[in-house]
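Let's walk through a structure together, question by question. Have the viewer open as you read.

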Amino acid sequence: MPDEITVRPVPWPPAPIRTERLVLRESEARDRAAFVDLFASPEVGTYVGGSQARDQLERAMPEVPGRRPGLFVVDLDGAMIGMITLDPRGAERPGHVRPDAGEAELGYMFLPAAWGRGYAVEASAAALEWFADAAPGEPVVVTTRTANARSMRVAEKLGFTEVERFEEYGAAQWFGVWPSAMSSG
């Protein structure tokens, strides 16, 4: 599978995306501590396979973490509070809306202090709007554990429609597609 967001290349990085309260941008060295906090957080790790050991993260984290196509740092008032990803969904994984796979998969992770304020919906909506302009008609999917009520609400507020449920990573998963893919496909 190519190392692009979708089967068609999408220009990267885009100019920073501004919303009412947030900026979606490429990662910078100043984000390193927030990346460590994000991946070391037991609360964040609950639905993504567990947290990672802080000392290991401190040793392994690059100086500028997360600098890759498809990863947006979510910035509030000059500080990273989370990240949004748009990555290719692997063909070997369950859940696809195309017979040949190749969909972009939305992901979102936020520091617990940022939870419950609508940042995930605001940032994800901006990333989806950017993606729809950059890659018209390309499908976007999302997968979340059915036990993750917060993530399920984010997907619902963004307008994702359930396609199926399946077992993956030892847990029940909810798989949905963003409406722009259904109307343009």
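For the pocket tally further down, Ala, Val, Leu, Ile, Met, Phe, Trp, Tyr, Cys and Pro count as nonpolar, Asp, Glu, Lys and Arg as charged, and the others, Gly among them, as polar. Keep in mind that this is a predicted model.

Q: Is Glu122 buried or exposed?
A: Start with where it sits: Glu122 is part of helix α4, residues 119-134. Its relative accessible area comes out at 17%. Buried means under 20%, so Glu122 is buried.

Q: Which residue's backbone nitrogen does the side chain of Glu122 reach?
A: Skip the neighbours within four places in sequence, and Glu122 is in contact with Thr19, Glu20, Arg21 and Leu22. The side chain of Glu122 gets to a backbone nitrogen at 3.5 Å, and that nitrogen belongs to Glu20.

Q: Which elements do the buried residues of α1 pack against?
A: Helix α1 covers residues 32-40, and its buried residues are Ala34, Phe35, Val36, Leu38 and Ala40. The packing partners of those buried residues are α2 (42-45), α3 (54-60), β3 (71-76), β4 (79-88) and β5 (104-110).

Q: How many residues of the lining of the largest pocket are nonpolar?
A: The largest pocket holds about 1,200 Å³ of space. Its lining has 45 residues, with Val48, Tyr108, Met109, Asn148 and Ser151 nearest the centre. Elements that each supply at least two lining residues include α1, α4 and β6 (140-145). Split by type, the lining has 10 charged, 14 polar and, for the class asked about, 21 nonpolar.

Note on methods. Residues numbered from 1 in each chain as written. Predicted model: local features only at pLDDT ≥ 70, side-chain atom pairs only at ≥ 80, totals over all residues. Heavy atoms only, no water. Helix = DSSP H or I, 4+ residues; strand = E, 2+ residues; numbered from the N terminus. Buried < 20%, exposed > 50% of the residue type's maximum accessible area, 1.4 Å probe, protein only. Polar contact = N/O pair within 3.5 Å; in protein donor to acceptor, adjacent residues only side chain to side chain. Contact = heavy atoms within 4.5 Å. 1 Å grid on protein atoms, 1.4 Å probe; cavity = no way out; pocket = protein on both sides within 12 Å on 5 of 7 lines; lining within 4 Å. Points joined across faces, edges and corners; volume = space filled by probe spheres on them.
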